[in-house]
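Dear colleague,

I am passing on the structure we spoke about, and I would be glad if you could look through it with the notes below at hand.

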Amino acid sequence: MNVRHLRLNYYNKADFEKLFGTMRQGEHAHNLQDKMISLPNALKHPLAIVVNLAPNATPGSVVAITDMNVNGKKVVVPILIESIKTVDNADIDSHLVLTVYDSND
C-alpha cells in the first residue's frame, strides 16, 4: 500500500490523470471520495472480522470485511484496523482500505 494506491482509490480517472499523470497498466481509479466518508457506517455491520496474521502485523490488528454500494454496484471492501488509541478521552481507530473488489473478482 502506498500513496499512489490510496490516490487511485480516492480519485476518478480524469482527476487522477490531471493531478498525477497517466495511470499505469492494470491500474484503476475507484472514485471513492464520498465512500471514504461512509467508512464508519460500513464498519458498524461488517460481513466478517478476521485476525491479521501477516508476518509483520501489529499485535491485535484485524481486517474487517465490509460491503458497500459504489455507483450502484455492490463491492466488498477489506479494511485493516491496526490500532486503537485514546486521545482526549476519545477512542480513535486507524483504518486502511486495502482494496475494493466487485462481484467479478
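**Salt bridges, rings and the first helix**

Glu17 is partly exposed, with a relative accessible area of 30%. Please keep in mind throughout that the model is a predicted one, and that the values quoted here are computed from it.

The side chain of Glu17 meets that of Lys13 in a salt bridge, at 2.9 Å from N to O, and Lys13 is likewise partly exposed, its relative accessible area being 45%. Both residues belong to helix H2, where they stand four residues apart, or about one turn of the helix. As a general point, an α-helix has 3.6 residues a turn, so residues three or four places apart point the same way.

Helix H2 also holds a pair of rings with that spacing: Phe16 and Phe20 are four residues apart in the helix and are thus separated by about one helical turn. The structure holds three aromatic pairs, and the one formed by Phe16 and Phe20 is tilted, with 5.3 Å from centre to centre and 50° between the planes. Phe16 is buried, with a relative accessible area of 1%, whereas Phe20 is partly exposed, with a value of 29%. Ring pairs join these two residues with Tyr10 and Tyr11 into a cluster.

By the rule applied, the salt bridges come to three in number, and one of them, between Glu27 and Arg4, has its closest N and O atoms 2.8 Å apart. Because Glu27 lies in the loop between H2 and H3 while Arg4 lies in helix H1, the pair ties together parts that are 23 residues apart in sequence. Both Glu27 and Arg4 are buried, and for Glu27 the relative accessible area is 18%, which falls under the 20% limit for a buried residue. Once its neighbours within four places in sequence are left aside, Glu27 is in contact with Arg4 and Leu8.

Those two contact partners bring us to helix H1, which spans residues 3–10 and has Arg4, Leu8 and Asn9 as its buried residues. These three cover an arc of only 140° around the axis, which puts them on the same side of H1.

A further salt bridge joins the side chains of Lys74 and Asp67, at 3.1 Å from N to O. Here Lys74 is exposed, with a relative accessible area of 58%, while Asp67, at 26% relative accessibility, counts as partly exposed.

As for the chain as a whole, the protein has four helices and five strands, and from the N terminus on the elements run α-α-α-α-β-β-β-β-β. Of its 105 residues, 25% count as buried. The accessible surface comes to about 7,200 Å², and 53% of that surface belongs to carbon and sulfur atoms. If one takes the contacts between residues at least 6 apart in sequence, 26% of them join residues at least 24 apart.

With the model open, you may wish to begin with the loop between helix H2 (13–20) and helix H3 (33–37), where Glu27 is found, and then turn to the rings of Tyr10, Tyr11, Phe16 and Phe20, which ring pairs link into a cluster.

With best regards

Methods
Residues are numbered from 1 along each chain as its sequence is written. This is a predicted model: local features need pLDDT of at least 70, side-chain atom pairs count only at pLDDT 80 or more; totals for chains, interfaces and linings use all residues. Side-chain values use heavy atoms; hydrogens and water are left out. Buried means under 20% relative accessible area, exposed over 50%, partly exposed in between (1.4 Å probe, protein chains only). The arc is that of the directions from the helix axis to the C-beta atoms. Contact means heavy atoms within 4.5 Å. Accessible areas come from the Shrake-Rupley method with a 1.4 Å probe; for residues, only the protein chains shown count as cover. A salt bridge is a side-chain nitrogen of Lys or Arg within 4 Å of a carboxyl oxygen of Asp or Glu. Rings of Phe, Tyr and Trp (its six-membered ring) pair if their centres lie within 6.5 Å; planes under 30 degrees apart count as stacked, over 60 as edge-to-face and the rest as tilted.
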